[in-house]
Every structure is written in C-alpha cells, then in structure tokens.
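Let's take a walk through this fold together, from the strands to the charged side chains. Have the viewer open and follow along.

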Amino acid sequence: MNDNEPAPAGDQPGIDLRTERVRIETERHRIEGVLTLARDGYRSRVSDVLNASERDFLTLTDVTLQPLDGGPTEQHAFMAIARAHIVYVVAPGAAGPG
C-alpha cells in the first residue's frame, strides 16, 4: 500500500467493527464464513453490505466451501464472493420468528 491509498477499514482508527457468521448459497456452492461489519450505523447490517452498489464482492474469513453436488468440503482463510452469484444469505445462528 502506498501513501496515496486509503487504509483498509479495519486499520482506520475510530472504526468499531464486529463480525457475523453468515451462510451464502450460490447456484453451485454453500459458503459459510465470517463477515466483518461496522458495529453501529452505516454498514452495520448484512443487508447494507449486500446492497452496496459500489461493491462487487463480499469478503469472508474463516470460510467453509461446500459444493452442492456433494463434492469435498474445503476450508479457506479468506474468500471474496461476487455479489452477482449470490442466491441467498442467512445468519445460521440467528433465531427465526417465534
């Protein structure tokens, strides 16, 4: 990174972050990993990140990638997923209606 590039969001002082485990499904894969979000306000919800038109990719860490056709499961430290390929996203630990 040179002096003209902005620091990544996690490196900027004063930005309070949190993580949320999400499950993403594409037409071919089920992907589970950790998404980093702002703690409050702007970009604090998964839907904010999904609807950010200036971003073409979601970035996840601690990723499990499982092919829907039953192939072998893979583990990855980092993955960028093109928003255009996402069919749905859920937070697996979130409680449903009730």
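In which sense do E2 and strand E3 pair, and over how many bridges? The two strands run antiparallel, and 5 bridges hold the pairing, with E3 covering residues 57-67. One spot to click on is arginine 30, whose bridge partner in E3 is glutamine 66. Keep in mind that what you're looking at is a predicted model.

Now step back for the overall layout. The chain has 1 helix and 5 strands, and reading from the N terminus the order is β-β-α-β-β-β. There are 98 residues in the chain, and 26% of them are buried. On the surface side, about 6800 Å² is exposed, with carbon and sulfur atoms supplying 48% of that area. As for how the chain folds back on itself, take the contacts between residues at least 6 apart in sequence: 51% of these join residues at least 24 apart.

Back to the strands, this time to the other partner of E2. Strand E1 (residues 17-26) pairs with strand E2 (residues 29-38), again in the antiparallel sense, over 9 bridges. The two make a hairpin, with 2 residues between them. To line the strands up by eye, find valine 22 and look across to glycine 33 in E2, which stands opposite. So E2 has pairing partners in both E1 and E3, if you take strand pairing to need at least two bridges.

Next, the charged side chains. Searching the whole structure turns up 7 salt bridges. One of them joins arginine 39 to aspartate 16, with the closest N and O atoms 3.2 Å apart. Why is this one worth a look? Arginine 39 sits in the loop between E2 and helix H1 (46-50), while aspartate 16 belongs to the segment before E1, so the pair ties together parts that are 23 residues apart in sequence. Both ends are partly exposed: arginine 39 has a relative accessibility of 39%, and aspartate 16 comes in at 45%.

A second salt bridge links arginine 23 and glutamate 32, where the closest N and O atoms are 3.4 Å apart. Arginine 23 is partly exposed at 26% relative accessibility, and glutamate 32 also counts as partly exposed, at 22%. This pair doesn't stand alone, either: Arg21, Arg23, Glu32 and Asp62 are linked in a network of salt bridges.

Over at the helix, the side chains of arginine 45 and aspartate 48 meet in a salt bridge, at 2.8 Å from N to O. Is aspartate 48 buried or exposed? With 18% relative accessibility, aspartate 48 counts as buried, because the cut-off for that label is under 20%.

Finally, let's return to a member of the network. Aspartate 62 is found in strand E3 and is partly exposed, with a relative accessibility of 45%. What makes the backbone here worth a second glance? Most residues other than glycine have a negative phi. Aspartate 62, although not a glycine, has a positive phi of about 50°. So if you're checking backbone torsions in this predicted model, one residue to pull up is aspartate 62, with that positive phi.

Key: Residues numbered from 1 in each chain as written. Predicted model: local features only at pLDDT ≥ 70, side-chain atom pairs only at ≥ 80, totals over all residues. Heavy atoms only, no water. Helix = DSSP H or I, 4+ residues; strand = E, 2+ residues; numbered from the N terminus. Buried < 20%, exposed > 50% of the residue type's maximum accessible area, 1.4 Å probe, protein only. Contact = heavy atoms within 4.5 Å. Areas by Shrake-Rupley, 256 points an atom, 1.4 Å probe, with all protein chains shown as cover. Salt bridge = Lys/Arg side-chain N within 4 Å of Asp/Glu carboxyl O.
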